[in-house]
Amino acid sequence: MSAGPVMALERVSRRFGRVTAVDGVSLDLAEGEFFALLGPSGCGKTTLLRILAGFETPDEGRVMLDGRDITGLRANRRPVNLMFQSYALFPHMTVRANVAYGLEMERLPSAEIERRTGEILELTELTEMANRRPDQLSGGQRQRVALARALVKRPRVLLLDEPLAALDRKLRGQMQLELKRLQHEVGLTFVVVTHDQEEALVMSDRLALMEGGRIAQTGGPRELYEKPASRFVAGFIGVSNFFEGRGAPGGLATAAHGLLRANGEAVPGRAAAIMVRPERIVLAAEKPADCNGALGEIADIAYHGNDLNLHVAIAGAERAVIARIGAADDAASRWRPGQKVWCCWRPEHGRLLTE
Amino acid sequence: MRNASRWLNAHLWLVYAFLYLPILVLMGLSFNRGGMPTAWTGFSTAWYGSLAASPQIVSSAVNTLIVAAVSTVIATALGTLLALGVERRRQSSALDALLFAPMIIPDIVLAIALLSFYTLLGFTLGLHSIILSHVVFNIAFVCAIVRTRLKHFDYSVVEASIDLGASDFTTFRRVTLPMIWPGVLAGAMLAFTLSVDEFIIAFFTAGPGESSTTLPMRIYAMIRFGVTPEINAMATIVMLFSFTLVLASQRIGRGVVTGP
């Protein structure tokens, strides 16, 4: 294969009446990667997925597959398959017939259909249920049938629309890893649409966060978590603390805490904010020598089993600053609500955001 | 409480008696050897035999079956497609009313309207005009029944089929139709029943002569000379036939409500 992207969107837009669901999105999907499209509901991620699948035609822009323009190609002619959120299994067919359906459409010899169907049923551990109908299966089994039905076609790109949304929480965690294992095993390019940021972080090699029809940021999970490009990204992925102020040489000028330092640049005088993740906040009862941070008062301590979230009320901040410390940490039991505490962070752990 | 339920029970049975006693009497008389409605003279199936021996009755029965079969096939095909089309559109009560109308419009009105329309077009009347007329009201019934089935239809299976490489036609044949099949079958059975015992519209839109006389028309012609035992026998056959079909259609139709 060439080194170019398997599939690409070039400045794609799609409007429904006055609503612009997708607004000039460009995207490259690399061979064999697990890509997540993340965003709040109504951000256009499902429309984008349907454009990739061929169920929506963009008003502007091009859809490319292996360097070929497939913008006008219908879904049934694209070597791309979609796993539907509702699974959309054929209720009148057995599991085996559901899985074989796509191969029959390719008019393959029946021996090959049988072999490939058998293989994929084996891979998804459905062999024993091959002769059941969808209404005789559990939610997790139905999900695997939907997956098998799409995988058996060996698409260039497999699209998955909220693949785990219908499962209960415990099963979802298992299936996140299971999906990743399967993707690794079959070596296909996966594109998953999800509104669950944790799911996107755990499963994907790369992800794009969407907002209002546009891509807010594309990158690896670590990149989006640690180096968010905007307040929206920082707020959507994980928990963030914001310190408001104005750009100043060397950091952010705040009224209550003086100059605060962080990674990034802000135009002097313009409104900006520093974002710090809860686990990067270092707490101290006495002011450390070189504390980059602010003094506050512990308002609340939330116990989460493996860790504690300390909510610290700080002068001039609308929302309490959240600091996370491990429950096994010796310091964990030291803190009491009402106590004064310094919340500091290393400049490289904070991020200066201008938008 | 017990008293009240006893009264309600009695009322129920009275209503049933009111509805079905005349029919039971008719069925009984069709087996009466003497043929007189006033006295029972012994059991006999002779009247059924004389029915079969009458070429006029046999030919009108054949006509009825032709009309019912052909109009059912056409109405089921068109009504099902109509239902699929209507259900995919935005809800419109005006459109719904127009679709239900042919079921509610009095037959006599529809009959006169159709006859005037055919005359206006200079259409020759015959078995084909009856068929066409029956298609008109049967489309509405089939459409209504298929639509109830479609209310619970998950359209993503249609997209799934296309996504897996199927054409629109293959998708209809292998996915949509099998899934709505109980509704289609129930609609077809109802259409067949309605066509078999339909009189007024057939009477108005039939051509002259024997060639387009249907069974209900034949009964009407015979009854002008009094109720003969043959008529009882024929009515019994038609009734049992319709009853079976309606029952079967309800049976199948039950799947319509509970879904797949």
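Where does A:Glu162 lie in chain A? A:Glu162 is found in the loop that connects β7 (157–161) with α5 (169–186). Please keep in mind as you read on that this is a predicted model.

**Residues with positive phi**

A:Glu162 is a good place to start, since this residue has a positive phi of about 45° although it is not a glycine. A:Asp66 is another such case: not a glycine, yet with a positive phi of about 50°. You can find A:Asp66 in the loop between β4 (60–65) and β5 (68–69) of chain A. Are these two residues buried or exposed? A:Asp66 counts as partly exposed because it has 15 C-beta neighbours inside 10 Å. A:Glu162 is also partly exposed, with 19 other C-beta atoms within 10 Å. Glycines with positive phi appear in chain A too, and the table puts them beside the two residues above.

| Residue | Phi | Place |
|---|---|---|
| A:Asp66 | about 50° | loop between β4 and β5 of chain A |
| A:Glu162 | about 45° | loop between β7 and α5 of chain A |
| A:Gly54 | near 100° | follows α1(A) |
| A:Gly250 | near 85° | hairpin of β11(A) and β12(A) |

**An open sheet and its helix in chain A**

Now look at the sheet that includes β4(A). Four strands of chain A make up this open sheet, in the order β2-β1-β4-β5, and the pairing is antiparallel. At the edges are β2 (19–29) and β5 of chain A, each of which pairs on one side only. Five bridges link β1 (residues 7–16) to β4(A) in the antiparallel sense. Along this pair, A:Glu10 stands opposite A:Arg62 of β4(A). Helix α1(A) packs on the sheet and touches β1, β2 and β4 of chain A. The direction of α1(A) makes about 60° with that of β2(A).

How many residues of α1 (residues 45–53) are buried? The helix is mostly covered, with nine of its nine residues buried. Among them are A:Lys45 and A:Arg50, along with A:Leu48, A:Leu49, A:Ile51 and A:Leu52. Just after α1(A) comes A:Gly54, with its positive phi near 100°.

**A second set of strands in chain A**

Further along the chain, β11 (residues 241–248) has two partners to look at. With β14 (residues 271–276), β11(A) pairs in the antiparallel sense over six bridges. Here A:Arg246 has A:Ala271 of β14(A) as its bridge partner. With β12 (residues 251–254), β11(A) shares three bridges, and these strands also run antiparallel. A:Ala248 is bridged to A:Gly251 in β12(A). The hairpin of β11(A) and β12(A) has two residues between the strands, and A:Gly250 takes its positive phi there.

**Chain B: two packed helices**

Two packed helices are described by the angle between their axes and the distance between the axes. In chain B, α3 (residues 55–88) and α8(B) pack at an angle of about 145°, with their axes 8 Å apart. Their crossing is right-handed. Residues making the contact include B:Ala68, B:Ala75 and B:Gly79 of α3(B), and B:Gly187, B:Ala191 and B:Phe192 of α8(B). The contact residues divide into eight nonpolar, eight polar and no charged.

**Where the chains meet**

Finally, 15 residues of chain B are in contact with 17 residues of chain A. On the chain B side, α7 (156–163) and α8 (168–196) each supply at least two residues. The most comes from α7(B), with six residues. By type, the chain B side divides into nine nonpolar, three polar and three charged residues.

Conventions. Residues are numbered from 1 along each chain as its sequence is written. Chains are lettered from A and ligands numbered from 1 in the order in which they are written. This is a predicted model: local features need pLDDT of at least 70, side-chain atom pairs count only at pLDDT 80 or more; totals for chains, interfaces and linings use all residues. A residue is buried if 20 or more other C-beta atoms lie within 10 Å of its own, exposed if 12 or fewer, and partly exposed in between; C-beta atoms are placed from the backbone. Two residues are in contact if their C-beta atoms, placed from the backbone, lie within 7 Å. Ala, Val, Leu, Ile, Met, Phe, Trp, Tyr, Cys and Pro count as nonpolar, Asp, Glu, Lys and Arg as charged, and the others, Gly among them, as polar. Two strands pair if DSSP finds at least two bridges between them. Axes are lines fitted to C-alpha atoms, for helices over the stretch in contact, and angles run from 0 to 180 degrees between N-to-C directions. A crossing is left-handed if the near helix is turned anticlockwise from the far one by less than a right angle, and right-handed if clockwise.
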